[in-house]
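Colleague: Please take me closely through the charged side-chain pairs in this model. I would like to know where the partners sit along the chain and how far they are open to solvent.

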Amino acid sequence: MRVIIQRVKSSQVTVNGEIIGKIKRGLNLLVGIADTDTAVEVDWMVRKCLNLRLFPDEEGGDRWQKSVQEINGELLVISQFTLYGDCRKGRRPSFDRSAAPTLAKDLYNNFVAKLQESGLRVETGEFGAMMQVSIENDGPVTLLLEREAT
């Protein structure tokens, strides 16, 4: 499982010209599911996303002291199978490691449901849809989280 985690001042996702998810300060999470992923990877990733200290303290220092939970931030979760695109050969990416849509959707929905259990506001895109995502990065802070199936 791969998640691109971005600290944002705001973010929104649009499908067919309609805003379907919008957040203020928090994290934008682009989520890729591999064909070998299970609930174990989902659980690990949820804990990491909720507990990573990516936000400065109240004094406005530049040290990252607070997690998204500690600042009562918001989450925008977008499915993105292209995170498993392999561009090493040829001119067209291979998506052989991306999970099949049925498995990916189940694990993605599980990921979203577990994030919602945190009590934070969680918005989403539309799984499998063509989406436009607007991100106002804060920092910018962008990290790649990865958890391989064991």
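**Salt bridges**

Modeller: In this predicted model, a network of salt bridges links Glu74, Arg121 and Glu123. Within that network, Arg121 and Glu123 pair with their closest N and O atoms 3.4 Å apart. Arg121 has a relative accessible area of 39%, so this residue falls between the limits of 20% for buried and 50% for exposed and counts as partly exposed.

The count for the model is seven salt bridges. One of them joins the side chains of Arg2 and Glu146, with an N to O distance of 2.7 Å. Arg2 belongs to strand E1 (residues 2-15) and Glu146 to strand E8 (residues 132-146), so this contact ties together parts that are 144 residues apart in sequence. As for solvent, Arg2 has a relative accessibility of 18% and therefore counts as buried, while Glu146, at 34%, is partly exposed.

A further salt bridge is formed by Arg97 and Glu148, whose closest N and O atoms are 3.3 Å apart. This pair also links distant parts of the chain: Arg97 is in the loop between E6 and H2, Glu148 is in the segment after E8, and 51 residues separate them. Arg97 is partly exposed at 35% relative accessibility, and Glu148 is partly exposed at 39%.

As background, side chains of opposite charge can pair when their charged atoms come close.

Terms used: Residues numbered from 1 in each chain as written. Predicted model: local features only at pLDDT ≥ 70, side-chain atom pairs only at ≥ 80, totals over all residues. Heavy atoms only, no water. Salt bridge = Lys/Arg side-chain N within 4 Å of Asp/Glu carboxyl O. Helix = DSSP H or I, 4+ residues; strand = E, 2+ residues; numbered from the N terminus. Buried < 20%, exposed > 50% of the residue type's maximum accessible area, 1.4 Å probe, protein only.
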